[in-house]
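This report walks through a model part by part, and it is best read with the sequence and the 3D view side by side.

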Amino acid sequence: MDFNKELDARGLNCPLPILRTKKALAEMASGEILKVIATDPGSVKDMQAFAKQTGNDLVNSAEAGGEYTFFMKKK
Amino acid sequence: METKKLAIIATKGTLDWAYPPFILASTAAALGYEVEIFFTFYGLQLVRKDVSGLKVSPLGNPGMPMKMPFGPKWFKGINWNIPNAVQSLIPGYENVATSLMKMTIANNGVATIPELRSLCQEADVKFLACQMTVELFGFDHADFIDGIDYVGAASFFEFAGESDICLFI
């Protein structure tokens, strides 16, 4: 999947993946896509909750070998 | 949609209890909340310039697992069930427990308190400190980080009364 920016949140625990995602999105333009890679299993539900509450669109998410990848489209 | 508001009263001054206010405040701010934290009594320890003195105490806390953050997996898995009566007799026990806790925090990719605190400030979380406690405990405003308003309970209610969520921690 195409993306405009990538955020490596591997090894970080709650709430850092969310805070870094928020920060990265702040520097992007509306409609651009941020790719986030995390290892925190809690980030799966948290990214959904973040998207729901902030109005950003979680376009896609996947898990492979203990790594979670998210594609977040900025509102 | 009107901005949601979170008001937190932080009353605890230990390393473990420093986490909930800063984690919740920074996360709420990332979600678009307007956030204020009122630091009072022992909670004032969390806004001192130097927080390296924050400690965790296993004493009187049967809920705290006592595991070692180093060594082979089987060793890390042992829960060192040391009775409180014994813990209290060992000099420096809290210091040892605190350094082990800091090691565990680093091993797990959990942010440090100074890190979370500055993330809160970057996200415009407002810090209020109880002026009465500052005087009661003989603190000086110079002991604390910049950007704090020194107020009383009435000022806290001005914001808390309008808040959607209010937490006492």
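## A residue and its partners

If neighbours within four places in sequence are set aside, A29(B) is in contact with V35(B), C120(B), A123(B), D124(B) and V125(B). The model in which these contacts are found is a predicted one, and the description that follows should be read with that in mind.

A29(B) also belongs to the largest nonpolar core, which has 46 residues, and it is listed there with I8(B), A25(B), V35(B), I37(B) and F39(B) as the members that touch the most other members. Helix α1 of chain B, which covers residues 15-30, gives this core its largest share, namely eight residues. As a general background, nonpolar side chains tend to be buried together in soluble globular proteins.

## Chain B as a whole

Chain B contains seven helices and five strands, and, when the chain is read along its sequence, they follow the pattern β-α-β-α-α-α-α-β-α-β-α-β. The C-alpha trace of this chain spans about 50 × 40 × 25 Å along its principal axes.

Of the 169 residues in chain B, 25% are buried. Among the contacts in chain B with a separation of 6 or more, 77% are made by residues that stand 24 or more positions apart.

## The sheet of chain B

The five strands of chain B form an open sheet with parallel pairing, in the order β4-β3-β2-β1-β5. Its edge strands, each of which pairs on one side only, are β4 (148-151) and β5 (165-168) of chain B, and neighbouring strands are turned by 20° against each other on average when direction is ignored. In general, strands of a sheet pair through backbone hydrogen bonds, either parallel or antiparallel.

Strand β1 of chain B, residues 5-10, runs parallel to β5(B) and is joined to it by four bridges, with I9(B) standing opposite F168(B). Helix α7 of chain B (residues 153-160) packs on this sheet, where it touches β1, β2 (34-39), β3 (126-130), β4 and β5 of chain B, and its direction makes about 150° with that of β1(B).

## Helix α5 and the residue after it

Which residues of helix α5 of chain B, residues 113-122, are buried? They are L116(B), R117(B), L119(B) and C120(B), and because they cover an arc of only 160° around the axis, they lie on the same side of α5(B). The cover over these buried residues includes α1 of chain A together with α1 of chain B, and thus has parts from both chains.

Just after α5(B) comes D124(B), whose phi is positive, at about 65°, although this residue is not a glycine. D124(B) is found in the loop between α5 and β3 of chain B, and it counts as exposed because it has 9 C-beta neighbours inside 10 Å, where 12 or fewer is the limit for that class.

A positive phi is also found in F41(B), again a residue other than glycine, with a value near 45°. F41(B) lies in the loop between β2 and α2 (73-76) of chain B, and because it has 16 C-beta neighbours inside 10 Å, it counts as partly exposed.

## Where the chains meet

The contact between the chains takes 11 residues from chain B and 11 residues from chain A. On the side of chain B that touches chain A, the largest share, four residues, comes from α1(B), and the residues of this side divide into six nonpolar, five polar and no charged.

## The sheet of chain A

In chain A, four strands form an open sheet of mixed pairing, in the order β1-β2-β4-β3. The edge strands here are β1 (5-9) and β3 (57-64) of chain A, each pairing on one side only, and the twist from one strand to the next averages 15°. Over five bridges, β1(A) pairs in the parallel sense with strand β2 of chain A, residues 33-38, and K5(A) stands opposite L34(A) in β2(A).

Helix α1 of chain A, residues 16-26, lies across β1, β2 and β4 (67-73) of chain A and runs at about 160° to β1(A), while helix α2 of chain A, residues 43-54, packs on the sheet by touching β2, β3 and β4 of chain A, with its direction at about 175° to that of β3(A). In the loop between β1 and α1 of chain A lies P15(A), and the peptide bond that leads to P15(A) from C14(A) is cis, with omega near 0°.

Technical notes:
Residues are numbered from 1 along each chain as its sequence is written. Chains are lettered from A and ligands numbered from 1 in the order in which they are written. This is a predicted model: local features need pLDDT of at least 70, side-chain atom pairs count only at pLDDT 80 or more; totals for chains, interfaces and linings use all residues. Two strands pair if DSSP finds at least two bridges between them. Helices (H or I, at least four residues) and strands (E, at least two) are DSSP runs, numbered from the N terminus. Axes are lines fitted to C-alpha atoms, for helices over the stretch in contact, and angles run from 0 to 180 degrees between N-to-C directions. Two residues are in contact if their C-beta atoms, placed from the backbone, lie within 7 Å. A nonpolar core is a set of buried Ala, Val, Leu, Ile, Met, Phe, Trp, Tyr and Cys residues joined through C-beta atoms within 7 Å. A residue is buried if 20 or more other C-beta atoms lie within 10 Å of its own, exposed if 12 or fewer, and partly exposed in between; C-beta atoms are placed from the backbone. The arc is that of the directions from the helix axis to the C-beta atoms. Ala, Val, Leu, Ile, Met, Phe, Trp, Tyr, Cys and Pro count as nonpolar, Asp, Glu, Lys and Arg as charged, and the others, Gly among them, as polar.
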